[in-house]
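Here is a structure to get to know, with a colleague asking and a modeller replying.

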Amino acid sequence: MAELSDTPAHTPAALRFLKQTANTLLSLLITFTGLLAVTFVIARIVPIDPVMSIIGERATDVQIAAVRAKLGLDDPLWQQFAIYVNDVFHGDLGLSIRTRDPVLSEIGRYFPATLELSTLGILIGILIGIPAGVLGATKPGSFRDQIVRLIGLMGYSMPVFWLGLMGLLLFYGHLGWVGGPGRLDSVYDMMYDMKVTPITHMILIDTALAGEWDMFRNALSHIILPASILGYLSMAYISRMTRSFMMNELGQEYITTARVKGMPERRVIWVHAMRNVAVPLITVIALSYANLLEGAVLTETIFAWPGLGRYITDALLVADMPAVLGGTIVVGAVYIGINMFSDFLYRLADPRAK
Amino acid sequence: MTFLPFARKAGAATLAALLLGAAPGALLAATPADTLVIAAAIDDIVSLDPAEAYEFSGLDVVNNTYDSLVEMDPVTLTPIPGLAESWTVADDGVTYSFKMKAGLTFSSGNPVRAEDAAYSLKRAIKLNKTPAFILNQFGWTADNVDSMITAKDDTLTLVVSKPFAPTFLYNCLTAGVANIVDEVTVSAHDVGGDMGNEWLKNNSAGTGAYTLKSYKPNEGVILEMRPGYWRGDAKIKNIFIQHIPEAATERLQLEKGDIDVARALTPTDIAGLTGNKDVAIQQDVGGQVYYLAFNQKNENYKNAKFLDAMRWAIDYQGMADTIMKGAVIPHQSFLPQGYLGALDDLPYKLDIEKAKALLAESGIKDPKVSLSVRNAADRMDVAQSIQNTFGQAGITVELKVGEGAEQLKDYRARLHDATLQTWGPDYPDPNTNSSTFAENPDNSDAAKATGYLAWRNAYDPGAMTAASQAAVMERDPDKRKAMYEEIEKTHRDTSPFILMFQQARNTGLRTTVKDFYTGGAVDLGASYWLATK
């Protein structure tokens with residue numbers, strides 16, 4: 001939104017705000033409709049017949065035709081799309097073909113699990129990634145820089161399912177430090193509905209709100225490994241980018257000036273340089289976070305985590321297109337949301353963007 | 001280096017958070033003593049309403065929450081009296097009377113009446129969900145069922161359209177769709193005339209050893225034992241079925257003791273678990289059969305010698321032992337082991353010389369087979385083995401690999417040349433496979449009889465159609481058995497089908513778990529109430 005600063009100074013503030021809001025809404029609408037259209041078309045051209053996947057091998061042609069008609073698959077494609085878009089804008093994502101439950105309520109159950117996992121993951125990524133990147137940037141080429149880069153490179157190149165399985169084998173299987181797959185031990189899982197009222201559907205928050213601290217600790221022991229693995233992946237990216245941004249900043253004249261003035265090195269790095277590194281870093285973190293939200297499918301499968309990624313994949317395999325579309329829309333909306341939020345932070349962090 | 005303290009602090013805080021979360025997790029590794037924790041892939045569940053459940057995982061649950069008039073004994077796998085104490089068939093051969101057991105109650109506390117039984121069967125017909133066809137076979141439709149299924153006092157009367165073999169009806173009554181629901185409770189949850197269908201997705205209203213406590217799609221099912229079960233109280237109070245589709249994860253949890261039973265293990269995991277003294281592998285068979293089918297639109301496949309040559313050019317035992325690693329056993333007739341009249345002998349084996357000689361006799365020069373295979377690893381391995389041994393015998397095989405549902409579409413439209421497929425029985429009676437493999441009343445394209453595998457392969461089984469139709473009417477069980485054996489022999493030696501394997505099931509159990517019954521090939525659901533740990 002930086003270009004909005006070009007708006008002539010005499011425009012009243014209220015009008016400028018309106019224009020800005022309208023612009024945002026319009027671009028949102030276009031992005032969203034485009035997302036819907038692309039997903040819808042892809043969903044229709046994949047060679048999986050939703051009817052065959054829900055009806056048995058024994059079904060007669062008459063039964064198949066009846067189901068096709070019921071699902072509206074015989075209408076022209078544009079008409080199916082128009083109905084769908086209309087429904088979506090009325091907050092109706094349709095019914096899942098397989099479970100016949102509203103897709104919106106299913107996503108309401110699965111998405112918080114993903115959100116919780118990814119948020120913890122990105123926090124771990126930030127907490128370790130930024131210091132590690134700074135560590136490398138302050139002494140490029142040194143031994144510790146090599147170590148940071150090596151660890152980063154491993155995070156880039158190791159397949160996440162392998163990392164997940166090995167992590168499980170070591171920390172859960174051999175060492176017994178963390179809980180296994182799933183969100184809770186089975187003993188807690190069974191009591192969960194009786195003891196905890198789902199408010200946010202995020203297990204750490206809901207158990208804390210209910211004051212079930214044993215359950216909270218158990219949930220933490222289950223989430224920590226998958227979150228650390230996601231955290232490791234984003235850490236690899238964040239530390240690399242931090243390192244390069246920081247190296248760039250440390251070569252600037254204002255840094256030299258600060259150092260010459262006798263400012264403590266800690267202050268030079270964490271206050272002066274970091275302020276400028278933070279601006280591009282926000283975008284990096286936002287992108288990384290969005291990636292975790294949509295890309296945690298394999299982690300969710302290995303850790304039996306009932307999240308959105310697995311929901312979409314399972315739905316795709318049985319051609320449950322309302323569920324696939326609904327999931328994609330939510331991921332898209334979140335992506336857009338995160339981008340808008342990072343724009344907002346960007347403006348806060350960079351006075352020039354105001 | 002002055003920023004290091006900060007990094008150190010952050011690192012220490014992270015580590016502390018890790019350990020805080022980790023410590024209690026390590027203490028609670030074992031499963032609760034009063035709960036059997038089962039890991040399985042349960043994403044196939046569509047509904048837990050017995051009138052609709054028709055998938056493996058759904059039927060497992062239904063089998064433990066409901067009972068039918070005739071039950072399958074989980075240990076002997078033979079039909080036994082269920083909610084009906086006894087039954088008779090009138091001389092007309094179409095009127096059956098079932099006398100209900102006295103003093104039984106549903107989980108709601110309501111008594112089990114003949115009216116409930118009548119309501120349940122009629123309900124399944126009227127709802128007309130996928131498994132309704134099992135009951136439709138007896139001539140029951142939404143229009144006539146009110147007069148054909150009636151209840152008076154403690155007796156349920158069923159009138160069927162033809163004098164079928166009584167065993168056919170009894171076997172079909174053991175299927176999930178024939179389970180008895182509590183009319184009073186279910187009717188109270190009717191929404192818009194759905195006869196409680198929506199409500200029963202997440203609740204149970206049966207007589208089973210367990211009641212459904214909770215069902216979360218793709219997450220888990222919790223069952224709670226109810227005291228006073230007519231077959232004796234369940235030994236374990238709670239059953240917790242967790243959705244864990246990833247086999248390697250299941251294996252790890254089984255080794256750790258976080259689950260008691262693992263039901264989605266692959267042969268690789270089974271091999272890895274042997275030698276672990278805390279884990280036992282229980283082997284039994286499932287109902288699925290693996291077969292090759294050849295479309296007789298291609299004239300080559302009408303040549304008896306050529307078909308015979310192919311039967312001798314398959315390494316049945318070798319594939320079962322190596323590629324499939326114990327996930328199947330060789331089986332060469334269309335009725336799975338355990339079914340009335342199933343043939344378990346294996347007359348065919350790999351004999352390349354014999355195959356070559358038969359091919360020469362057939363008069364077909366350089367035959368080519370285009371084999372459709374779905375893109376799953378085990379199917380591909382089997383297809384490649386066949387390609388190899390057929391090649392040695394002088395038959396060129398071209399593999400057409402594709403997505404399963406797409407190939408099924410071609411198969412149903414008779415567009416394939418040859419295909420590698422599996423078939424699972426729909427209900428525990430030989431008619432389920434006999435009717436589809438050995439019957440084809442109208443072989444014309446216009447008939448579109450896609451439900452018959454014989455039709456899909458443009459195969460006219462000749463006299464076998466009538467023989468199979470007669471077998472389903474035969475009232476003497478011994479004669480009926482002999483009739484199926486005869487049909488299977490003819491089918492095995494003359495049809496364009498080559499039956500190769502039957503599914504074998506490997507269940508991983510903690511050694512403390514005893515008496516866990518999967519239902520084998522015949523009972524289409526597992527039985528939990530006998531299990532102990």
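The talk below goes through a sheet in one chain and two domains in another.

This is a predicted model, where local features need pLDDT of at least 70, side-chain atom pairs count only at pLDDT 80 or more, and totals for chains, interfaces and linings use all residues. Residues are numbered from 1 along each chain as its sequence is written, and chains are lettered from A and ligands numbered from 1 in the order in which they are written.

Colleague: Which strands stand at the edges of the open sheet in chain B?

Modeller: Strands are DSSP runs of E, at least two residues, and helices are runs of H or I, at least four residues, both numbered from the N terminus. Strands pair if DSSP finds at least two bridges between them, and the order here is S4-S5-S7-S6 (chain B), with antiparallel pairing. An edge strand has a single partner, so one side is left without a neighbour, and that holds for S4 (84-89) and S6 (149-152) of chain B.

Colleague: In S5(B), what is the bridge partner of Ser86(B)?

Modeller: S4(B) and S5 (residues 95-100) of chain B run antiparallel and are joined by five bridges. Within S5(B), Ser86(B) has as its bridge partner Lys99(B).

Colleague: Which helix supplies the largest share of the side of domain 1 of chain A that touches domain 2 of chain A?

Modeller: The domain assignment, automatic or from a database, gives domain 1 (23-89) and domain 2 (103-353) in chain A. In contact (C-beta atoms, placed from the backbone, within 7 Å) are 13 residues of domain 1 of chain A and ten of domain 2 of chain A. Helices H1 (13-45) and H2 (50-54) of chain A each supply at least two residues of that side of domain 1. The largest share, eight residues, comes from H1(A).

Note on methods
Contact = placed C-beta atoms within 7 Å.
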